[in-house]
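Subject: The structure I promised you

Hi,

Here is the structure we talked about, with my notes underneath. Have a look at it first, then read on.

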Amino acid sequence: MSVLASGPLPSSVHSGPLGQSPAVWRDGRWWLLAESGSVAVTDPVFTGQLNRFATAMAAADRAVASRPVQQDQAPARPDERRR
């Protein structure tokens with residue numbers, strides 16, 4: 001049984017942590033990490049929310065990466081979010 005409520009993640013979403021959260025996409029499923037260990041996320045509503053958030057973050061990263069670079073500005077990297 002798949003834990004993904006909203007289908008597979010797009011290929012632009014890579015294995016790794018979801019922003020600064022304890023959620024990590026690994027081996028085709030979501031995990032919550034803590035110092036004491038990890039637990040697989042099995043709730044379909046929660047996995048659906050994680051999928052939507054990961055998809056939105058990937059789209060934002062692509063939008064930032066595609067912006068033209070100004071002469072006085074260093075290139076934006078998806079892993080360095082501006083505030």
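To start with something you can check by eye: in which sense do strand β1 and β2 pair, and over how many bridges? The pairing of β1 (residues 16-17) with β2 is antiparallel, and there are two bridges. One thing to keep in mind throughout is that this is a predicted model.

First, the overall layout. The protein chain has four strands and one helix. Reading from the N terminus, you meet the elements in the order β-β-β-β-α. The chain has 83 residues, and 23% of them are buried. Its accessible surface is about 6,100 Å², with 56% of that belonging to carbon and sulfur atoms. If you take the contacts between residues at least 6 apart in sequence, 42% of them join residues at least 24 apart.

Now the sheet. As background, strands of a sheet pair through backbone hydrogen bonds, either parallel or antiparallel. Here the four strands make an open sheet in the order β1-β2-β3-β4, and the pairing is antiparallel. β1 and β4 are at the edges with a single partner strand each, so each has one side without a neighbour in the sheet.

It is worth walking through the sheet pair by pair:

- β1 with β2: G16 has W25 in β2 as its bridge partner, and P17 stands opposite V24 in β2. The hairpin these strands form has five residues between them, and G19 there takes a positive phi near 60°.
- β2 with β3: four bridges join these antiparallel strands. R26 has R29 in β3 as its bridge partner. Two residues lie between the strands of this hairpin, where D27 takes a positive phi near 55°.
- β3 with β4: again the strands run antiparallel, with four bridges joining residues 29-34 to residues 37-40. A34 is bridged to G37 in β4. This is a hairpin too, with two residues between β3 and β4.

Then comes the helix, α1. How does α1 sit relative to the strands? It lies across β2 and β3, running at about 95° to β3. I also checked α1 for length: at 1.5 Å a residue, its 23 residues should span 33 Å, and the end C-alpha atoms are indeed 33 Å apart, so the two agree. The buried residues in α1 are T47, G48, L50, N51, A54, M57, A58 and D61. Among what covers the buried residues of α1 are β2 and β3.

That brings us to the interior. In general, nonpolar side chains in soluble globular proteins tend to be buried together. Which residues make up the largest nonpolar core here? There are eight: L18, A23, W25, W30, V41, L50, A54 and M57. Both β2 (23-26) and α1 (44-66) supply at least two residues of this core. The largest share, three residues, comes from α1.

Three of the core residues deserve a click in your viewer; the contacts I list for L18 and A23 leave out residues up to four places away in sequence.

L18 is in the loop between β1 and β2. Is L18 buried or exposed? Its relative accessibility is 6%, and since the cut-off for buried is under 20%, L18 counts as buried. L18 touches A23, W30, L50, F53, A54 and M57. You can also use L18 to see how the chain comes back on itself in sequence terms: L18 and A58 are 40 residues apart along the chain, while their C-alpha atoms are separated by 10.0 Å.

W30 lies in strand β3. W30 has a relative accessible area of 1%, so this residue is buried. From W30 to L50 is 20 residues in sequence, and 8.0 Å in space, C-alpha to C-alpha.

A23 touches residues in several parts of the chain: G16, P17, L18, W30, W31, L32 and L50. L18, W30 and L50 appear in that list, and those residues belong to the largest nonpolar core as well.

Happy to talk it over whenever you like.

Cheers

Notes:
Residues numbered from 1 in each chain as written. Predicted model: local features only at pLDDT ≥ 70, side-chain atom pairs only at ≥ 80, totals over all residues. Heavy atoms only, no water. Core = buried A, V, L, I, M, F, W, Y, C linked by side-chain atoms within 4.5 Å. Buried < 20%, exposed > 50% of the residue type's maximum accessible area, 1.4 Å probe, protein only. Contact = heavy atoms within 4.5 Å. Pairing = 2+ DSSP bridges. Axes fitted to C-alpha atoms, helices over the stretch in contact; angles between N-to-C directions. Expected span 1.5 Å × (residues − 1). Areas by Shrake-Rupley, 256 points an atom, 1.4 Å probe, with all protein chains shown as cover.
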